[in-house]
Amino acid sequence: MAVPQAYVSHLPGVPDWLNKGDNAWQMTASTLVGIQSMPGLVILYASIVRKKWAVNSAFMALYAFAAVLIIWVLVGYRLAFGDRLVPMWGEGAPALSQTYLIGRAKLPATAAHNGRPAVEPFYPMATLVYFHFQFAAITMILLAGSVLGRMNIKAWMAFVPLWLICSYTVGAFSLWGGGFLYQWGAIDYSGGYVIHLSSGISGFTAAYWVGPRLKSDRERFSPNNVLLMMAGAGLLWMGWSGFNGGAPYAANITAPVAVLNTNICAATSLLIWTSLDVVFFGKPSVIGAVQGMVTGLACITPGAGVVPSWAAIVMGILSGSIPWVSMMILHKKSSLFQKVDDTLGVFHTHAVAGLLGGLLTGLLAEPHLCDLVLPIPNTRGAFYGGSGGVQFLKQVVAALFVIGWNIFSTTVICLGIRLFMPLRMPDEMLIIGDDAVHGEEAYALWGDGEKYDPTRHGWNNPSSHGEEMMARSPYINGARGVTINL
């Protein structure tokens, strides 16, 4: 028997303020962002590292996803999006009560002193809590990419909740939740600073304190499954539609613009990065293409919904070239980059690309698009004149705050953990890998059930897995980066 629509619309579970389309899109966007982490980055990490670190790398991502959710609902969400406590932090409290979660979503600290009302999306608070959890989780997993292949797993288990509380929530509240940078008018549409710049800077800082991998691992860190790596990267790319499409908190006209810009910039960046590989190395690299895709996605994120689509192409050209120079040239020339072992080059792919995107947003943010989604009226990039020069200055100051806070907080957390346990695994565990850390191996059997024998199939055997050919790739031999005489 069909239920009359008039009856359905007045059920207790469908209050007058609920917009079903917005709620459905926001839950869909949340799931798309979640797929980026689970299974996207789990697959990518497990595949891009050496075979002996596949389980450990996947587990670090899996653990972070689960741990962040529990800390998020216990205290994290309301530190980042609750009532104002101080200019860069909200009042922490649980986000678990039934009354709180089924009420209309609201970001109370976004209300301005000039009478501008607080942000109130047309769906329940549970939807907003879940959406922003996914952002917090992927930030933590991106950070993990800097310390794969040597961080003590127990130290990582302690690091995750401490960094979420002391670092991530500060950036989120300051730029998104109604903190001082939000009220000032700094633009971070969907996380170029809160997510990418912070994960890249904190990952690099953590890598410094944890220490490097074994010399043999740094010299030859071949992906154990390039095709699965591409599958993980594909999930990351497709999930980004929820990442940037959900940022307006509604299924409005900004969302599709952001999704289109996201894909344009990622595609452009991938093509530019691949072209540079061909010009300087003579052949396109699949790993390089993935790096270019990631830098494009990170670069467009802070401005996806506020820049025109032609600007997304410009941002893609720059995100495919500037981080390429940073990773492939400056990395080898800098003693600091050589000293700090950033396993997956998160500094280059996320910190450099996220910073680049934030600054370009300060130049290219289009006034009409800004008015559709931003809280400060008459916001514009410097390219459009007027107050655009001031906007660019705001972007610089916001970046400096995020960089400084993440270096400070990550350093304090690492030094604090080091008082109770080592940050780095002992060398004897690093030699063995997953079997020593977890008692498990990703690929336990070879051929006809034959147990893996490193003396027969080891990384020094050029006939094994085509490694002699793979070793020629500039992305595999040693720490990322090569010296090119331009």
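Here's a quick briefing on the cores, one helix pair and a few backbone oddities in this structure. Keep in mind that the model is predicted. The largest nonpolar core runs to 107 residues, and helix H3 gives the largest share of that core. Helices H2 and H3 pack at an angle of about 160°, and H2 also holds Pro39, which follows a cis peptide bond.

**Nonpolar cores**

- In the 107-residue core, the residues with the most contacts inside it are Tyr45, Trp72, Tyr77, Trp156, Phe159 and Tyr168.
- Helix H3, spanning residues 54-81, puts 15 residues into this core.
- Another core lies apart from that one and has 19 residues, including Tyr189, Ile300, Ala312 and Cys370.
- Take Phe159 as a sample from the largest core: setting aside neighbours within four places in sequence, Phe159 touches Met140, Leu143, Met151, Ala206, Thr410, Ile413, Cys414 and Ile417.
- As background, nonpolar side chains in soluble globular proteins tend to be buried together.

**The H2/H3 pair**

- A packed pair of helices is described by the angle between the axes and the distance between them.
- For H2 (residues 20-48) and H3, that's about 160°, with the axes 7 Å apart.
- The angle is over 145 degrees, so H2 counts as roughly antiparallel to H3.
- The crossing of these two helices is right-handed.
- On the H2 side, the contact uses Gly34, Ser37, Met38, Val42, Tyr45 and Ala46; H3 answers with Ala54, Ser57, Ala58, Ala61, Leu62 and Phe65.
- Sorted by class, the H2–H3 contact has nine nonpolar residues, three polar ones and no charged ones.
- Tyr45 turns up twice here: it's in the H2 set that meets H3, and it's among the residues with the most contacts inside the largest core.

**Backbone oddities**

- For reference, most peptide bonds are trans, and most residues other than glycine have a negative phi.
- The bond joining Met38 and Pro39 is cis, with omega at about 20°.
- Pro39 sits in helix H2, and its partner Met38 is one of the H2 residues that meet H3.
- Tyr249 isn't a glycine, yet its phi is positive, near 65°.
- You'll find Tyr249 in the loop between helix H10 (226-245) and helix H11 (254-281).
- Tyr249 is buried, with a relative accessible area of 13%.
- Asn378 also has a positive phi, about 60°, without being a glycine.
- Asn378 lies in the loop between helix H16 (367-373) and helix H17 (388-418).
- Asn378 is exposed, at 53% relative accessible area, whereas Tyr249 is buried.

Conventions
Residues are numbered from 1 along each chain as its sequence is written. This is a predicted model: local features need pLDDT of at least 70, side-chain atom pairs count only at pLDDT 80 or more; totals for chains, interfaces and linings use all residues. Side-chain values use heavy atoms; hydrogens and water are left out. A nonpolar core is a set of buried Ala, Val, Leu, Ile, Met, Phe, Trp, Tyr and Cys residues joined through side-chain atoms within 4.5 Å. Buried means under 20% relative accessible area, exposed over 50%, partly exposed in between (1.4 Å probe, protein chains only). Helices (H or I, at least four residues) and strands (E, at least two) are DSSP runs, numbered from the N terminus. Contact means heavy atoms within 4.5 Å. Axes are lines fitted to C-alpha atoms, for helices over the stretch in contact, and angles run from 0 to 180 degrees between N-to-C directions. Angles under 35 degrees count as roughly parallel, over 145 as roughly antiparallel, 65 to 115 as roughly perpendicular and the rest as oblique. A crossing is left-handed if the near helix is turned anticlockwise from the far one by less than a right angle, and right-handed if clockwise. Ala, Val, Leu, Ile, Met, Phe, Trp, Tyr, Cys and Pro count as nonpolar, Asp, Glu, Lys and Arg as charged, and the others, Gly among them, as polar.
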